[in-house]
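Me: I should like to learn how to read the features of a protein model. Could we proceed step by step?

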Amino acid sequence: MSAASAPPLPADLEDLLRRLRLPHIRRHAPEVVATAKAQRWEPAEVLKALFAEEVAGRERSALATRRAAAGFPTGKTFDAWQPEASSIPAPTQQALRTLEWVHRRENLVVCGPSGTGKTFLLEALGQQAVEQGLKVAWFTLEDLGVLLRRHRADDTVSKAITRVLRADVVVVDDIGLLPVAADAAEGLYRLVDAAYEKRSVAISSNLHPSGFDELMPQTLATATVDRLLHHAHVCQTSGDSVRLTQALAGQGVSPLA
């Protein structure tokens with residue numbers, strides 16, 4: 001029996017479920033009760049079915065909340081990932097997907113030319129982390145600069161970074177594409193320093209971290225890279241841009257009508 005055709009719950013029971021904040025039981029109870037009556041379920045089976053609906057509903061809501069809070073750029077997951085198209089060795093890809101490095105509070109650096117799957121890999125890993133109950137925060141360097149400027153005026157930068165590190169994984173995407181402003185460089189250092197041995201930081205970059213002194217003052221770059229790489233996995237991508245290859249093959253757009 002569908003929920004639409006099942007008899008509604010008595011008003012007083014509906015009110016109790018609302019007061020107890022059991023929205024998923026309240027939504028599915030009419031159907032469950034009707035099915036239980038038709039199939040002569042034992043009382044324990046009814047309770048089990050109702051609480052299973054509540055647990056599943058809460059897990060779906062929590063997942064949606066974590067995913068929205070992460071701020072992922074596109075929504076890409078491993079469902080669309082092609083392992084064989086990546087220059088990162090397959091065993092390394094599999095090891096990263098276990099997320100053991102996150103549980104060990106290790107960092108991840110994916111560096112290489114544009115279009116070689118760096119951002120895609122980090123987002124897919126982030127989505128997998130969210131699905132496993134972990135919290136993820138996604139930033140660009142420009143985002144870190146904005147965060148720093150916004151909180152510098154009232155001297156709450158440290159508090160802001162602490163809030164960011166409520167996430168289990170903090171991703172900083174596309175380092176090296178544009179010149180790094182002073183605020184962004186300081187924001188990256190503050191983030192990496194605060195996360196050191198406490199949280200995982202994952203970055204994508206056109207440059208290997210050893211070249212970060214091309215982007216920011218050498219003293220700041222050295223301090224940042226020292227902390228970033230101490231407990232880190234470094235994956236270097238290579239090859240031609242996947243986006244450019246697809247575009248040249250006419251796979252980037254749908255035909256015009």
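Reply: The turns below go from the overall form to single residues. Please keep in mind that this is a predicted model.

Me: Let us begin with the whole. How many helices and strands does the protein have?

Reply: The protein has 11 helices and five strands. Its C-alpha trace spans about 70 × 55 × 40 Å along the principal axes.

Me: What radius of gyration does the protein have, and what would a compact globule of 257 residues have?

Reply: The protein has 24 Å, whereas a compact globule of 257 residues would have a value near 18 Å. As for contacts with a separation of 6 or more, 80% of them are between residues 24 or more positions apart.

Me: What share of the residues is buried, and what supplies the exposed area?

Reply: Of the 257 residues, 40% are buried. The protein exposes about 14800 Å², and carbon and sulfur atoms supply 54% of that area.

Me: Now to the strands. Is strand 3 largely enclosed or open?

Reply: A general idea helps first: in a regular strand the side chains alternate between the two faces of the sheet. In this structure, strand 3 covers residues 169-175, and six of its seven residues are buried, so the strand is largely enclosed by the rest of the structure.

Me: Which strand does strand 2 pair with, and which residue in strand 4 is the bridge partner of Ile 175?

Reply: Strand 2 (residues 136-140) runs parallel to strand 3, and five bridges join the two. Within this pairing, Phe 139 stands opposite Val 172. Strand 3 is also joined by five bridges to strand 4 (residues 200-205), again in parallel. There, Ile 175 has Ser 205 as its bridge partner.

Me: Is Gln 128 buried or exposed?

Reply: Buried means under 20% relative accessible area. Gln 128 has 14% relative accessibility, and therefore counts as buried. Gln 128 lies in helix 6, residues 118-131. Beyond its neighbours within four places in sequence, Gln 128 is in contact with Phe 78, Arg 97 and Leu 99.

Me: Finally, where does Arg 105 lie, and what is the phi of Glu 197?

Reply: Most residues other than glycine have a negative phi. Arg 105, however, has a positive phi near 60°. Arg 105 lies in the loop between helix 5 and strand 1, and is partly exposed at 42% relative accessible area. Glu 197, likewise not a glycine, has a positive phi of about 65°. Glu 197 is placed in the loop between helix 9 and strand 4, and is partly exposed at 45%.

Methods
Residues numbered from 1 in each chain as written. Heavy atoms only, no water. Helix = DSSP H or I, 4+ residues; strand = E, 2+ residues; numbered from the N terminus. Buried < 20%, exposed > 50% of the residue type's maximum accessible area, 1.4 Å probe, protein only. Contact = heavy atoms within 4.5 Å. Rg over C-alpha atoms; globule rule 2.2 N^0.38 Å. Areas by Shrake-Rupley, 256 points an atom, 1.4 Å probe, with all protein chains shown as cover. Pairing = 2+ DSSP bridges.
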